[in-house]
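Trainee: Could you take a single part of this model, look at it closely, and then set it against the rest of the chain? I would like the reasoning along with the values.

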Amino acid sequence: MKPAPILVYSVLRLLAFLLPLAILWYFFPIFRELWWLAAIFAALIGVSISMLFLRSPLSEASADIYARRRTRTTAGQRDADAEDDALDKDQALDKDSGA
């Protein structure tokens, strides 16, 4: 069974942030005191990594979300379709009775 693309992308994005954060904290003692600065640098590194290496998982996740969204019909859309069908039938009856 193949994992959901959005789950794969989310986990990879988290790793792209957490791994640089752990490296900064472990190898650079100054970042232990300035944790907010380490978080900013880790976020910048994570964004850079995701832009360079996670383009394929992002496109798969986006395509999956788009496909799910296209197949789902909302209750409002079904209601509008039913009203349109009723109006079309009513107009067809009016044409038949008027002719």
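Mentor: Start with I40, which is found in helix α3, the helix of residues 35-53. The model is a predicted one, and what follows should be read as a description of that prediction. The relative accessible area of I40 is 42%, so the residue is partly exposed. That label follows because buried is kept for values under 20% and exposed for values over 50%. As for position, I40 and F17 are 23 residues apart in sequence, and their C-alpha atoms are 9.9 Å apart in space.

Now for the setting of helix α3. The chain holds five helices and zero strands, and read from the N terminus its elements run α-α-α-α-α. The radius of gyration is 26 Å, whereas the globule rule gives 13 Å for 99 residues; the chain is well over that value and therefore more spread out than a compact globule. The C-alpha trace spans about 90 × 30 × 20 Å along the principal axes. Of the 99 residues in the chain, 14% are buried; I40, at 42%, falls outside that class because it is partly exposed.

Helix α4, residues 55-71, holds both R68 and D64, which sit four residues apart, or about one turn of the helix. Side chains of opposite charge can pair when their charged atoms come close. Here R68 forms a salt bridge with D64, and the closest N and O atoms are 2.9 Å apart, within the 4 Å cut-off used for such a pair. A search of the whole structure finds one salt bridge. Both partners are partly exposed: R68 has a relative accessible area of 45%, and D64 has 22%. The value for D64 is set against a limit of 20%, under which a residue counts as buried.

Last comes helix α5, which covers residues 75-98 and contains D88. With a relative accessible area of 48%, D88 is partly exposed. D88 also belongs to a negative surface patch, formed together with D79, D81, E83, D84 and D85. Membership of a patch requires over 30% relative accessible area and no salt bridge, and the 48% of D88 fits the area condition.

To return to the part we began with: I40 is a partly exposed residue at 42%, it lies in helix α3, and its C-alpha is 9.9 Å from that of F17.

Technical notes. Residues numbered from 1 in each chain as written. Predicted model: local features only at pLDDT ≥ 70, side-chain atom pairs only at ≥ 80, totals over all residues. Heavy atoms only, no water. Patch = residues over 30% accessible without salt bridge, like charges linked within 9 Å, V, L, I, M, F, W, Y side chains within 5 Å. Areas by Shrake-Rupley, 256 points an atom, 1.4 Å probe, with all protein chains shown as cover. Salt bridge = Lys/Arg side-chain N within 4 Å of Asp/Glu carboxyl O. Lys, Arg positive; Asp, Glu negative; His and termini not counted. Charge placed at Lys NZ, Arg CZ, Asp CG, Glu CD. Helix = DSSP H or I, 4+ residues; strand = E, 2+ residues; numbered from the N terminus. Buried < 20%, exposed > 50% of the residue type's maximum accessible area, 1.4 Å probe, protein only. Rg over C-alpha atoms; globule rule 2.2 N^0.38 Å.
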